[in-house]
Amino acid sequence: MASGELTPSEVVDGLSNLLAKSLVAAEADATVTRYRLLDTTRAYALEKLGEAGEREQLARRHAEYFRDLFEQTEAELETRSSAEWPVDYGLQIDDLRAALDWAFSSDDDASIGVALTAAAVPLWTHLSLLDECRSRVDLALAAMEVGTNPDARREMKLRAALGALLMYTKDADPGADAAWTRALEIAESLDDAEYRLVSLWGLWFIHGASSRHRMALELAQRFYALAAKRPDRNYQLVGERMIAIAQHYLGDHFSARRHLERVLAEYVSPDYTSPLLRFQFRPPVAARVFLAWILWLQGLPDQAIRAAENSVEEARAANHVLSLCYALTRVACPIALLVGDLAAAESYLKMLLDQSTRHSLPLWGALGRSHWGVLLIKRGDLDAGLRLLRDGYDEFGEGRVAWRLTTFRTFRDAMVAGEALGRAGQIGDGLVLVEEAIDHSERTEERWAFAELLRIKGELLLLQGTQNAAAVAEDHFRQALDWARRQGALSWELRAATSLARLLRDQGHPPDALALLQPVFDRFTEGFATADLETAKALLDTLRSSRPVIIGSGTT
């Protein structure tokens, strides 16, 4: 690090001299030339600095330089391309590490480390170095707690970073709620609108992931009201997406779809990355993820497949790892499995597992392995599939409360594993799993999969074969039909109608079964090559062949 007392010309002359003596190496790319000391030169120079008593002074100047640099680059997030920013500053990661190691090695200089950590969070997240970022943020917050001159703004940034990191790194726990709450308190005390939005988003996420969807909806509405005061319309659209997701989980698919379609129609991709977008998935990707689910639920499987594919392609084009893992986990894999495209599901899962391994994202890896369990079940390997589902659940650990209670996964496991357990003869275990999910749904008002859970319970009761099993199962199928119709969930309605029609046929009432199933099937306009529609079509063909033939005035 050059002394501040040297003139620019003296710096250039000194650097040229070192290059001429082959003590410094030049590395040029298309835009800039960078210089670095050779390892042996660096070791010798450090030894000499230590002997002269100047090493500490140099280390301080180095840390202060990078503190100032990253505070400057943090401000550039508002104006620079999200593609350019990490390329330009990603090469500084080793200097950042060295500066922080020095700053936190002495309590007297911890304030430099705190400031540098707060400013460098965007770089770690852009580079997907989430575990590293988490450890540095923890260290900075610990230093602040014992310091004598706390900086509220820096604490706010660090608490918000911690809240986001706790969602995705391996040691996630309820501390995310406390981190976001503290960040919001500071943002409100500082009247910082940007971080009020960031913190409201974080709390919305935590409440939604913990199945507190009414509270999540209220937070989304608060976010939207605050975003309406911002000149950038994209902030409001983020709020609309948050509202839509909460409504979807509560079973209001019609309203949720309107919000999501407005987000996709009006969103304009910015040339910068604001603090609001640093810790979440790219807005169009997240919007398409939930729109794809709603399209499938509403009986538009082909459109759902295209929306899921688009969410993956957009995340890949943006080179945003978290968005890609999110799209693969939450919609691309599940939709492929639902429609019966097992080859596409396997391809998506390989991509997900590769990304989670390459970027050290164990949460997404665990979700990928549990999805692989679903794939094995779909292929008929019940034992291996159920084992992977159980193992994937155990990987989450006791501390991962928010994610353990993410009912997308809870309901998926109940729906898939419940049926699989029934087919494997473990009917009691399947019923326990499904009944727990139904109870959870009733307690939390999370209704998006309620119809399907009721249907699966009916199927398991039929398999159990107890007294009045058929009557109880029929009641569950009719309840499932009612819930699906109220929510406009045509795909769940088709499944419930198929189960009930099969029961009516087996009870000797093919005409009633046909009259029930045919109108539901006829409301579909696409997706006739998908698994559920093919199953329903096969049953309808059987029911038509079973109808009595009327000859004259008699019946045969």
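**Exposed loops and a nonpolar core**

Student: Is N468 buried or exposed?
Tutor: The relative accessible area of N468 is 54%. Under 20% counts as buried, over 50% as exposed, and values in between as partly exposed (1.4 Å probe, protein chains only). N468 is therefore exposed.

Student: What is phi of N468?
Tutor: This is a predicted model, in which local features need pLDDT of at least 70, side-chain atom pairs count only at pLDDT 80 or more, and totals for chains, interfaces and linings use all residues. Residues are numbered from 1 along each chain as its sequence is written, and side-chain values use heavy atoms, with hydrogens and water left out. N468 is a residue other than glycine, yet its phi is positive, near 65 degrees.

Student: Where is N468 found?
Tutor: Helices here are DSSP runs (H or I, at least four residues) and strands are E runs of at least two, numbered from the N terminus. α25 covers residues 469-487. N468 is in the loop between α24 and α25.

Student: Is E445 buried, exposed or partly exposed?
Tutor: E445 is not a glycine either, and has a positive phi of about 65 degrees. It lies in the loop between α23 (427-444) and α24 (450-464). Because its relative accessibility is 34%, E445 counts as partly exposed.

Student: How many helices does the protein have?
Tutor: The secondary structure includes four strands. The number of helices is 28.

Student: What percentage of the residues in the protein is buried?
Tutor: The protein has 556 residues. The buried ones make up 53%.

Student: What percentage of contacts between residues at least 6 apart in sequence joins residues at least 24 apart?
Tutor: A contact means heavy atoms within 4.5 Å. Of the contacts in the protein that meet the separation of at least 6, the share joining residues at least 24 apart is 63%.

Student: Which helix supplies the largest share of the largest nonpolar core?
Tutor: A nonpolar core is a set of buried Ala, Val, Leu, Ile, Met, Phe, Trp, Tyr and Cys residues joined through side-chain atoms within 4.5 Å. The largest one has 171 residues, and L96, V137, W180, W204, W296, W364 and W492 touch the most other members. The largest share, 15 residues, comes from residues 321-339, helix α17.

Student: Which tryptophan does W180 touch, leaving out residues up to four places away in sequence?
Tutor: W180 is among the residues that touch the most other members of the core. With those sequence neighbours left out, W180 touches A160, G163, A164, M167, V198, S199, G202, L203 and I206. Its tryptophan partner is W201.

Student: How far apart are the C-alpha atoms of P301 and S491?
Tutor: P301 is found in helix α16 (residues 301-318), and it is buried because its relative accessible area is 3%. Leaving aside neighbours within four places in sequence, its contacts are L295, W296, V339, E526, G527, T530 and L533. P301 and S491 stand 190 residues apart along the chain, with their C-alpha atoms separated by 8.6 Å.

Student: Which histidine does H253 touch, not counting residues up to four places away in sequence?
Tutor: H253 is found in helix α13 (residues 253-266). At 1% relative accessibility it counts as buried. On the stated count, H253 touches I294, L297, Q298, W448 and Q487. The histidine it touches is H248.
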